[in-house]
Amino acid sequence: MFSISQDFAPPFKLISPYFIAGSIFYFLSVLFLFSFSVENISVLDQKTLSFVHLFLLGFVMMTIFGAMAQLVPVVLEVGHFGVELFYAIWPLLAVGTMLMVLGFYSYPMLLPFGGVVVLIAMMIFVMEIFLTIKKVKKLNLVMSSMLSANIFLFFGIIFGLVMALGYAGMIDININSLLRSHVFLVIVGYITVTIMGLSVVLLPMFGLSHGFSMKPLERALKIVSLAVLLVVLSSFIEFKPLEYTGYILASVGLFIYFYFIKIIYKTRARKEIDIYAKSLIFSYFSLIASLILGLMYLVVGYEPLLLTSAWMMFFGFFSFIITGHIYKIIPFLVWFERFSPLVGKQKVPMLADMLPKKSSSAQFLFCAVGTVIIAIAILLQNDIFIKAGASFLLMGALAFVRNVFYMINYK
Amino acid sequence: MYTKEELFLAISTVIDPEVGFNLVEMGLIYDASCDDEGNAYVKMTLSTKACPMHQLIQQWVKEAVKKMAGIKEVTIDLVWEPEWNITMADEHVKKALNRA
């Protein structure tokens, strides 16, 4: 008999705050968009940095951490080292995020405090993951990707804290050169590598895909990881070709990853284009759009191309892959907690019955339209389009928060 | 005590809540037998190794078989060879899943 994890579903009360907080931070990020005008959208603008941290820490990291509480045993095939530690992570991350957002927005003195609180939250998370990975006897590709991603996160947050101290004027450092390492370690090294690794578990599981080769993913992960290392190295050795090789390799790795996802999609037995499939399709095409825009920026050097690339990566790729999975993960956890003990005793709902179908479709539609409009707005440097796109996203974000509460409270 | 078909019929009451089909029509149950003393044996797989419901599903299979009169013990043999794929499912399942 093949033995796998004994602890696949941590208590829902432990995970649900992550999804609730994540959805609220998503809503707040969308509200933040209304404060932008084309004059202050630039990579190093304080308001942009405030927004990016609100979105990435509050929504993306918060939701990923919550999902990892459930997915780590599934992926690593061992129980958590200390799943109770997750009770401490989300409040620290939420407080740290708010302090950092305020710090970037108008009170730089708050940055080190926010940075330290976020650092503590992330260190607890990373250490818990490392100690859980230590229990694994033999690492497979997915487990190795999780290990690399968390090593990247570990260094990414240390770089981040050093930068926060620099922003607050406490130490004298070259923030610009550390910035690209911080960005690459966290966004590409942690978030993207985590998504890449988990997708080979989750996408075939939900789509019932079989008989595909893992080689493209293996190559993509190696190339992206190498790209992260090169970009980090370029922060310390001022050698432009090194930095640009890193950017090109990251793009190549992500194109290969897209090809791999296409194979999984083609080999799936489940052809229904539900909210999960729609969200993922939009997400992966946003990734491609982001890569093309990023490469164009490398050639042309026009900053709005870089900003649009980042926008499509954040609100296109990350947002939709997360919201799509939320529509799978929350119903499962609620069903597991509330309905699995009733199986065989009374009629229980299917997981698909627990989705708010119309509202999730509305969320998808409003968010997709809003994301595209804002991408165009950044490219054309048009204020009215930014407000128009933000209005669509606001409707989508409201629907998203409502959907999260609907699924959590499903009875 | 019970034939393979009778055991399969009992197990067909177990439904995968994600896809909405029972385990037998999904082709996840490979074999089943039962001796005269009421010891049942079920050889099965899951659609993925990473299935977070693997423990529950095995428990449901056990409970479904134990409901049969005279069954004392149920042994589940969870195997990964041959690896499950959609060709093992019944025609109506394939058709339903294939609907875009």
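Which strands of chain B does helix α1 (residues 4–11) lie across? Keep that in mind while we look around this model, which is predicted.

Let's answer by starting with the sheet in chain B. Three strands make it up, lined up as β1-β2-β3, and the sheet is open with mixed pairing. Have a look at the two edges: β1 (29–34) and β3 (73–78) of chain B each have a single partner strand, so each has one side with no neighbour in the sheet. As you step from one strand to the next, the twist averages 15 degrees.

Now zoom in on one pair. Strand β2 (residues 39–44) of chain B runs parallel to β3(B), and the two are joined over six bridges. If you want to find one of these partnerships on screen, look for B:Ala40, whose bridge partner in β3(B) is B:Val74. Helix α2 (residues 54–66) of chain B packs on the sheet too, where it touches β2 and β3 of chain B, and its direction makes about 145 degrees with that of β3(B).

Back to our opening puzzle: helix α1 of chain B lies across β1 and β2 of chain B, and it runs at about 120 degrees to β1(B).

Chain B also has company. On the chain A side, 25 residues are in contact with 25 residues of chain B. The chain A elements that give two or more residues to this side are α2 (46–76), α6 (175–207) and α10 (303–339). Of these, α6(A) gives the largest share, three residues. What sort of residues does chain A bring to the side that touches chain B? By class, there are 18 nonpolar, four polar and three charged residues.

Key: Residues are numbered from 1 along each chain as its sequence is written. Chains are lettered from A and ligands numbered from 1 in the order in which they are written. This is a predicted model: local features need pLDDT of at least 70, side-chain atom pairs count only at pLDDT 80 or more; totals for chains, interfaces and linings use all residues. Two residues are in contact if their C-beta atoms, placed from the backbone, lie within 7 Å. Helices (H or I, at least four residues) and strands (E, at least two) are DSSP runs, numbered from the N terminus. Ala, Val, Leu, Ile, Met, Phe, Trp, Tyr, Cys and Pro count as nonpolar, Asp, Glu, Lys and Arg as charged, and the others, Gly among them, as polar. Two strands pair if DSSP finds at least two bridges between them. Axes are lines fitted to C-alpha atoms, for helices over the stretch in contact, and angles run from 0 to 180 degrees between N-to-C directions.
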